Amino acid sequence: MNNENKRGGSSLHRRHLLQAGLAAAFAAPLGALGAQAVAPQPIGSSIDFSEFPLCRTASDAPALTGAPRKLKLSWNAGAVCLAPLPVAIEHGFFQKQNLDVELVNYSGSTDQLLEAIATGKSDAGLGMALRWLKPLEQGFDVKIAAGTHGGCMRVLTRTDSSVSKLADLKGKIVAVGDLAGPDKNFFSIQLAKLGIDPVKDVDWRAYPGNLLNVAVEKGEVQAFLSSDPLAYLWLKDSQYKEVASNLDGEYRDKSCCIVGLRGSLVREEPQVARAITQALLDAAMFTSQNPAVAAKSFQPYAPKAATLSDIEGMVRYHTHHHHPVGEVLKRELKAYADDLKSVQVFKQSTDTAKFAERIYVDVFAV
(Lines give C-alpha, C1' and ligand atoms only; values in the text may rest on other atoms or scores of the structure.)
Protein backbone atom coordinates (compact mmCIF):
# COMPACT_ATOMS: atom_id res chain seq x y z
CA MET A 1 0.00 0.00 0.00
CA ASN A 2 1.50 3.35 -1.01
CA ASN A 3 0.42 5.08 2.17
CA GLU A 4 1.99 2.43 4.35
CA ASN A 5 5.27 2.85 2.53
CA LYS A 6 5.14 6.53 3.39
CA ARG A 7 5.05 5.79 7.10
CA GLY A 8 7.32 4.08 8.37
CA GLY A 9 0.97 -15.04 21.25
CA SER A 10 -1.83 -17.32 21.66
CA SER A 11 -5.51 -16.57 21.08
CA LEU A 12 -7.76 -15.34 23.84
CA HIS A 13 -10.32 -17.75 25.22
CA ARG A 14 -13.22 -18.50 22.85
CA ARG A 15 -15.85 -17.49 25.40
CA HIS A 16 -14.39 -14.01 25.65
CA LEU A 17 -14.19 -13.67 21.89
CA LEU A 18 -17.91 -14.41 21.74
CA GLN A 19 -18.50 -11.80 24.41
CA ALA A 20 -16.54 -9.26 22.42
CA GLY A 21 -18.52 -9.95 19.25
CA LEU A 22 -16.08 -7.89 17.22
CA ALA A 23 -15.21 -10.27 14.45
CA ALA A 24 -18.00 -8.75 12.40
CA ALA A 25 -18.64 -5.37 14.00
CA PHE A 26 -16.73 -2.41 15.39
CA ALA A 27 -19.18 -1.00 17.88
CA ALA A 28 -20.62 -3.32 20.50
CA PRO A 29 -22.80 -2.60 23.52
CA LEU A 30 -21.23 -2.19 26.91
CA GLY A 31 -19.93 -5.56 28.02
CA ALA A 32 -17.20 -7.06 30.11
CA LEU A 33 -14.37 -9.05 28.63
CA GLY A 34 -12.53 -11.31 31.03
CA ALA A 35 -8.98 -10.01 31.02
CA GLN A 36 -7.14 -12.96 32.49
CA ALA A 37 -8.59 -15.54 30.12
CA VAL A 38 -5.27 -17.23 29.42
CA ALA A 39 -2.09 -17.73 31.36
CA PRO A 40 0.07 -14.72 30.47
CA GLN A 41 3.17 -15.48 28.48
CA PRO A 42 6.45 -14.50 30.16
CA ILE A 43 7.79 -11.07 29.28
CA GLY A 44 11.41 -12.09 29.58
CA SER A 45 13.76 -9.68 27.85
CA SER A 46 11.35 -8.76 25.06
CA ILE A 47 11.48 -5.03 25.80
CA ASP A 48 14.51 -2.89 25.09
CA PHE A 49 14.10 -0.42 27.95
CA SER A 50 17.27 1.42 26.91
CA GLU A 51 15.08 3.35 24.44
CA PHE A 52 12.86 4.54 27.27
CA PRO A 53 14.98 5.49 30.32
CA LEU A 54 12.12 7.12 32.25
CA CYS A 55 9.89 4.13 31.81
CA ARG A 56 12.73 1.74 32.61
CA THR A 57 13.21 3.39 35.99
CA ALA A 58 9.50 3.36 36.75
CA SER A 59 9.13 -0.22 35.57
CA ASP A 60 11.75 -1.31 38.10
CA ALA A 61 9.52 -0.12 40.95
CA PRO A 62 8.25 -2.99 43.13
CA ALA A 63 4.91 -4.56 42.22
CA LEU A 64 1.89 -4.26 44.47
CA THR A 65 1.86 -6.73 47.34
CA GLY A 66 -0.94 -8.98 48.56
CA ALA A 67 -3.75 -10.43 46.47
CA PRO A 68 -3.92 -9.18 42.87
CA ARG A 69 -5.76 -5.86 42.77
CA LYS A 70 -8.91 -6.16 40.65
CA LEU A 71 -9.56 -3.26 38.29
CA LYS A 72 -11.91 -2.45 35.42
CA LEU A 73 -10.49 -0.73 32.36
CA SER A 74 -12.76 0.67 29.64
CA TRP A 75 -11.77 0.62 25.98
CA ASN A 76 -13.16 0.47 22.46
CA ALA A 77 -12.28 -3.10 21.54
CA GLY A 78 -12.54 -2.39 17.80
CA ALA A 79 -9.83 0.27 17.89
CA VAL A 80 -6.63 -1.33 16.60
CA CYS A 81 -4.59 1.55 18.02
CA LEU A 82 -5.40 0.07 21.46
CA ALA A 83 -3.55 -3.16 20.63
CA PRO A 84 -1.34 -2.74 23.74
CA LEU A 85 -4.33 -3.71 25.92
CA PRO A 86 -4.64 -7.33 24.76
CA VAL A 87 -0.84 -7.36 24.70
CA ALA A 88 -0.82 -6.35 28.37
CA ILE A 89 -3.10 -9.28 29.17
CA GLU A 90 -1.57 -11.96 26.99
CA HIS A 91 2.03 -11.12 27.78
CA GLY A 92 1.71 -10.55 31.50
CA PHE A 93 2.20 -6.80 31.91
CA PHE A 94 -0.76 -6.42 34.23
CA GLN A 95 0.23 -9.56 36.10
CA LYS A 96 3.76 -8.20 36.52
CA GLN A 97 2.24 -5.30 38.46
CA ASN A 98 0.05 -7.71 40.50
CA LEU A 99 -3.12 -6.47 38.80
CA ASP A 100 -6.18 -8.47 37.75
CA VAL A 101 -7.63 -6.27 35.01
CA GLU A 102 -11.05 -6.75 33.43
CA LEU A 103 -11.45 -5.06 30.07
CA VAL A 104 -14.84 -3.43 29.52
CA ASN A 105 -15.79 -2.79 25.91
CA TYR A 106 -17.48 0.59 26.00
CA SER A 107 -19.30 2.05 23.01
CA GLY A 108 -21.43 4.70 24.69
CA SER A 109 -20.85 8.44 24.57
CA THR A 110 -17.65 9.94 25.92
CA ASP A 111 -19.59 11.78 28.63
CA GLN A 112 -21.04 8.44 29.77
CA LEU A 113 -17.60 6.82 29.73
CA LEU A 114 -15.99 9.60 31.76
CA GLU A 115 -18.91 9.54 34.19
CA ALA A 116 -18.44 5.77 34.55
CA ILE A 117 -14.77 6.31 35.42
CA ALA A 118 -15.46 9.26 37.71
CA THR A 119 -18.15 7.39 39.65
CA GLY A 120 -16.22 4.13 40.04
CA LYS A 121 -18.09 1.94 37.55
CA SER A 122 -14.71 1.72 35.85
CA ASP A 123 -11.27 2.48 37.25
CA ALA A 124 -9.53 3.63 34.10
CA GLY A 125 -10.03 4.10 30.39
CA LEU A 126 -8.31 4.93 27.14
CA GLY A 127 -9.63 7.35 24.57
CA MET A 128 -8.94 10.17 22.15
CA ALA A 129 -7.66 13.42 23.65
CA LEU A 130 -9.73 15.51 21.26
CA ARG A 131 -12.84 13.63 22.40
CA TRP A 132 -12.10 13.72 26.13
CA LEU A 133 -10.83 17.24 26.73
CA LYS A 134 -14.13 19.10 26.31
CA PRO A 135 -15.97 16.92 28.87
CA LEU A 136 -12.97 17.22 31.18
CA GLU A 137 -13.22 21.00 30.86
CA GLN A 138 -16.65 20.61 32.46
CA GLY A 139 -15.19 18.99 35.55
CA PHE A 140 -15.32 15.16 35.50
CA ASP A 141 -13.21 13.66 38.30
CA VAL A 142 -10.84 11.88 35.89
CA LYS A 143 -7.08 12.41 35.76
CA ILE A 144 -4.87 11.99 32.70
CA ALA A 145 -1.76 9.92 33.50
CA ALA A 146 -0.13 9.31 30.11
CA GLY A 147 -0.42 9.52 26.38
CA THR A 148 -0.39 6.18 24.59
CA HIS A 149 0.36 6.73 20.89
CA GLY A 150 -0.16 8.91 17.84
CA GLY A 151 -1.84 8.18 14.53
CA CYS A 152 -5.12 6.53 13.41
CA MET A 153 -7.20 9.42 11.91
CA ARG A 154 -7.19 10.12 8.18
CA VAL A 155 -8.85 12.09 5.39
CA LEU A 156 -9.65 9.90 2.38
CA THR A 157 -11.08 10.48 -1.07
CA ARG A 158 -11.22 8.81 -4.44
CA THR A 159 -7.92 8.44 -6.26
CA ASP A 160 -9.26 10.42 -9.23
CA SER A 161 -10.47 13.28 -6.99
CA SER A 162 -9.10 16.79 -7.39
CA VAL A 163 -8.79 16.88 -3.59
CA SER A 164 -5.10 16.23 -2.98
CA LYS A 165 -4.34 18.26 0.15
CA LEU A 166 -6.23 19.45 3.20
CA ALA A 167 -6.70 22.99 1.84
CA ASP A 168 -8.64 21.49 -1.06
CA LEU A 169 -11.50 20.75 1.34
CA LYS A 170 -12.52 24.41 1.22
CA GLY A 171 -15.94 24.61 -0.38
CA LYS A 172 -16.34 20.82 -0.33
CA ILE A 173 -18.79 18.42 1.29
CA VAL A 174 -17.04 16.05 3.70
CA ALA A 175 -18.55 12.94 5.30
CA VAL A 176 -17.89 12.18 8.96
CA GLY A 177 -19.05 9.43 11.27
CA ASP A 178 -19.70 11.90 14.10
CA LEU A 179 -20.11 15.66 13.87
CA ALA A 180 -18.51 15.98 17.31
CA GLY A 181 -15.87 13.33 16.72
CA PRO A 182 -12.15 13.71 17.38
CA ASP A 183 -11.31 13.37 13.69
CA LYS A 184 -13.62 16.24 12.76
CA ASN A 185 -12.15 18.31 15.59
CA PHE A 186 -8.60 17.50 14.54
CA PHE A 187 -8.98 18.30 10.86
CA SER A 188 -11.11 21.37 11.63
CA ILE A 189 -8.15 22.64 13.68
CA GLN A 190 -5.78 22.00 10.78
CA LEU A 191 -8.09 23.83 8.38
CA ALA A 192 -8.26 26.80 10.74
CA LYS A 193 -4.46 26.91 10.81
CA LEU A 194 -4.56 27.18 7.02
CA GLY A 195 -6.89 30.17 7.25
CA ILE A 196 -9.97 28.16 6.28
CA ASP A 197 -13.08 28.52 8.43
CA PRO A 198 -14.07 24.89 9.21
CA VAL A 199 -17.65 25.95 9.96
CA LYS A 200 -18.39 28.24 7.03
CA ASP A 201 -16.03 26.88 4.38
CA VAL A 202 -16.69 23.13 4.74
CA ASP A 203 -20.03 21.33 4.64
CA TRP A 204 -19.74 18.43 7.10
CA ARG A 205 -22.29 15.61 6.64
CA ALA A 206 -22.87 12.74 9.08
CA TYR A 207 -22.99 9.16 7.76
CA PRO A 208 -22.75 5.74 9.45
CA GLY A 209 -19.06 5.01 9.94
CA ASN A 210 -18.99 1.90 7.78
CA LEU A 211 -20.73 3.68 4.89
CA LEU A 212 -18.50 6.72 4.60
CA ASN A 213 -16.86 5.38 1.46
CA VAL A 214 -20.26 4.81 -0.15
CA ALA A 215 -21.02 8.52 0.21
CA VAL A 216 -17.96 9.46 -1.81
CA GLU A 217 -18.62 6.71 -4.36
CA LYS A 218 -22.12 8.09 -4.96
CA GLY A 219 -20.72 11.57 -5.38
CA GLU A 220 -22.67 12.90 -2.39
CA VAL A 221 -19.42 14.09 -0.79
CA GLN A 222 -15.93 14.88 -2.06
CA ALA A 223 -13.98 13.37 0.86
CA PHE A 224 -14.51 11.58 4.16
CA LEU A 225 -12.85 11.19 7.54
CA SER A 226 -12.18 7.79 9.04
CA SER A 227 -10.05 6.01 11.60
CA ASP A 228 -8.20 2.72 11.53
CA PRO A 229 -8.92 -0.11 11.01
CA LEU A 230 -11.58 0.99 8.48
CA ALA A 231 -9.43 3.74 6.98
CA TYR A 232 -6.42 1.47 6.58
CA LEU A 233 -8.49 -1.26 4.95
CA TRP A 234 -10.12 1.17 2.53
CA LEU A 235 -6.69 2.45 1.51
CA LYS A 236 -5.80 -1.06 0.35
CA ASP A 237 -8.28 -0.41 -2.47
CA SER A 238 -6.55 1.49 -5.27
CA GLN A 239 -9.63 3.64 -5.83
CA TYR A 240 -8.92 5.53 -2.58
CA LYS A 241 -6.08 7.80 -1.51
CA GLU A 242 -5.06 9.52 1.70
CA VAL A 243 -5.25 13.30 1.73
CA ALA A 244 -4.04 13.90 5.29
CA SER A 245 -3.58 12.20 8.65
CA ASN A 246 -2.91 13.12 12.25
CA LEU A 247 0.69 12.08 11.78
CA ASP A 248 1.39 14.99 9.45
CA GLY A 249 3.78 17.76 10.44
CA GLU A 250 4.19 18.55 14.11
CA TYR A 251 1.55 16.00 15.08
CA ARG A 252 3.79 13.10 14.16
CA ASP A 253 5.39 13.60 17.57
CA LYS A 254 2.20 14.06 19.57
CA SER A 255 -0.06 11.51 21.20
CA CYS A 256 -3.70 11.37 20.17
CA CYS A 257 -4.89 8.84 22.76
CA ILE A 258 -4.63 9.18 26.53
CA VAL A 259 -4.98 7.14 29.73
CA GLY A 260 -7.59 8.42 32.17
CA LEU A 261 -7.78 7.26 35.81
CA ARG A 262 -10.55 7.53 38.37
CA GLY A 263 -9.76 10.57 40.50
CA SER A 264 -10.49 8.76 43.76
CA LEU A 265 -8.16 5.93 42.73
CA VAL A 266 -5.33 8.43 42.24
CA ARG A 267 -5.97 10.03 45.62
CA GLU A 268 -6.68 6.91 47.69
CA GLU A 269 -4.51 4.28 46.01
CA PRO A 270 -1.70 6.11 44.22
CA GLN A 271 0.44 2.95 43.98
CA VAL A 272 -2.39 1.20 42.13
CA ALA A 273 -2.71 4.19 39.78
CA ARG A 274 1.04 3.98 39.14
CA ALA A 275 0.89 0.24 38.56
CA ILE A 276 -1.82 0.27 35.90
CA THR A 277 -0.23 3.21 34.10
CA GLN A 278 3.16 1.48 34.12
CA ALA A 279 1.67 -1.76 32.79
CA LEU A 280 0.11 0.17 29.90
CA LEU A 281 3.36 1.99 29.09
CA ASP A 282 5.32 -1.26 29.19
CA ALA A 283 2.78 -2.89 26.88
CA ALA A 284 3.03 0.09 24.51
CA MET A 285 6.82 -0.30 24.41
CA PHE A 286 6.47 -4.01 23.74
CA THR A 287 3.99 -3.25 20.95
CA SER A 288 6.38 -0.77 19.36
CA GLN A 289 9.26 -3.22 19.44
CA ASN A 290 7.27 -6.39 18.63
CA PRO A 291 4.56 -5.34 16.15
CA ALA A 292 4.07 -8.83 14.73
CA VAL A 293 3.48 -10.30 18.19
CA ALA A 294 1.16 -7.41 19.11
CA ALA A 295 -0.81 -7.97 15.91
CA LYS A 296 -1.44 -11.57 16.93
CA SER A 297 -2.69 -10.46 20.33
CA PHE A 298 -5.15 -8.03 18.75
CA GLN A 299 -6.29 -10.33 15.93
CA PRO A 300 -9.31 -11.76 17.84
CA TYR A 301 -10.76 -8.24 18.02
CA ALA A 302 -10.03 -7.21 14.43
CA PRO A 303 -12.62 -7.19 11.61
CA LYS A 304 -12.67 -10.30 9.46
CA ALA A 305 -11.44 -8.32 6.47
CA ALA A 306 -8.17 -7.51 8.23
CA THR A 307 -5.37 -10.01 7.71
CA LEU A 308 -2.63 -10.50 10.26
CA SER A 309 -0.37 -8.55 7.91
CA ASP A 310 -2.89 -5.70 7.85
CA ILE A 311 -3.00 -5.55 11.64
CA GLU A 312 0.78 -5.54 11.83
CA GLY A 313 0.87 -2.72 9.27
CA MET A 314 -1.46 -0.65 11.41
CA VAL A 315 0.51 -1.38 14.58
CA ARG A 316 3.70 -0.24 12.83
CA TYR A 317 1.96 2.88 11.50
CA HIS A 318 0.73 4.01 14.93
CA THR A 319 3.44 5.60 17.06
CA HIS A 320 3.37 3.29 20.10
CA HIS A 321 6.89 4.41 20.95
CA HIS A 322 5.46 7.82 21.85
CA HIS A 323 3.60 7.75 25.17
CA PRO A 324 4.47 10.91 27.09
CA VAL A 325 4.09 11.69 30.77
CA GLY A 326 5.17 14.68 32.87
CA GLU A 327 5.85 18.08 31.34
CA VAL A 328 5.80 16.70 27.80
CA LEU A 329 2.24 15.44 28.22
CA LYS A 330 1.11 18.64 29.93
CA ARG A 331 2.43 20.64 26.99
CA GLU A 332 0.54 18.37 24.58
CA LEU A 333 -2.69 18.69 26.59
CA LYS A 334 -2.36 22.49 26.67
CA ALA A 335 -1.63 22.58 22.95
CA TYR A 336 -4.72 20.53 22.18
CA ALA A 337 -6.81 22.74 24.46
CA ASP A 338 -5.49 25.81 22.64
CA ASP A 339 -6.34 24.14 19.33
CA LEU A 340 -9.90 23.43 20.53
CA LYS A 341 -10.22 27.08 21.51
CA SER A 342 -9.33 28.06 17.96
CA VAL A 343 -12.37 26.20 16.59
CA GLN A 344 -14.75 27.34 19.35
CA VAL A 345 -14.97 23.94 21.05
CA PHE A 346 -13.37 25.25 24.26
CA LYS A 347 -14.60 28.35 26.05
CA GLN A 348 -12.44 31.37 25.26
CA SER A 349 -12.25 32.07 29.00
CA THR A 350 -10.55 28.76 29.78
CA ASP A 351 -6.98 29.11 31.01
CA THR A 352 -5.48 26.21 29.09
CA ALA A 353 -2.27 26.06 31.15
CA LYS A 354 -4.27 25.76 34.38
CA PHE A 355 -6.60 23.29 32.68
CA ALA A 356 -3.71 21.02 31.65
CA GLU A 357 -2.29 21.24 35.16
CA ARG A 358 -5.66 20.37 36.70
CA ILE A 359 -6.40 17.28 34.62
CA TYR A 360 -2.87 15.80 34.61
CA VAL A 361 -1.48 13.57 37.37
CA ASP A 362 2.09 12.39 37.80
CA VAL A 363 1.55 8.83 39.04
CA PHE A 364 5.28 8.19 39.11
CA ALA A 365 5.87 10.80 41.80
CA VAL A 366 4.46 8.46 44.47
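This short talk goes through the empty spaces in a predicted model and then one strand beside them.

Local features here need pLDDT of at least 70, side-chain atom pairs count only at pLDDT 80 or more, and totals for chains, interfaces and linings use all residues. Residues are numbered from 1 along each chain as its sequence is written, and side-chain values use heavy atoms, with hydrogens and water left out.

Let me start with the largest pocket, a pocket being an open set of points on a 1 Å grid over the protein atoms alone, with protein on both sides within 12 Å along at least five of seven lines. About 1100 Å³ of space lies in this pocket, where a volume is the space filled by probe spheres set on the points. Of the 37 residues lining it, meaning those with an atom within 4 Å of a point, the closest to its centre are Asn76, Ala79, Arg131, Pro182 and Ser227. Among the elements that each supply at least two lining residues are α8 (182-193) and β9 (223-227), helices (H or I, at least four residues) and strands (E, at least two) being DSSP runs numbered from the N terminus.

What surrounds β9, then? Four of the five residues of β9 are buried, that is, under 20% relative accessible area with a 1.4 Å probe, protein chains only. Strand β6 (residues 153-158) runs antiparallel to β9 and is joined to it by four bridges, with arginine 154 opposite serine 226. Strand β7 (residues 173-176) runs parallel to β9 through two bridges, and there alanine 175 stands opposite phenylalanine 224.

Technical notes:
1 Å grid on protein atoms, 1.4 Å probe; cavity = no way out; pocket = protein on both sides within 12 Å on 5 of 7 lines; lining within 4 Å. Buried < 20%, exposed > 50% of the residue type's maximum accessible area, 1.4 Å probe, protein only. Pairing = 2+ DSSP bridges.
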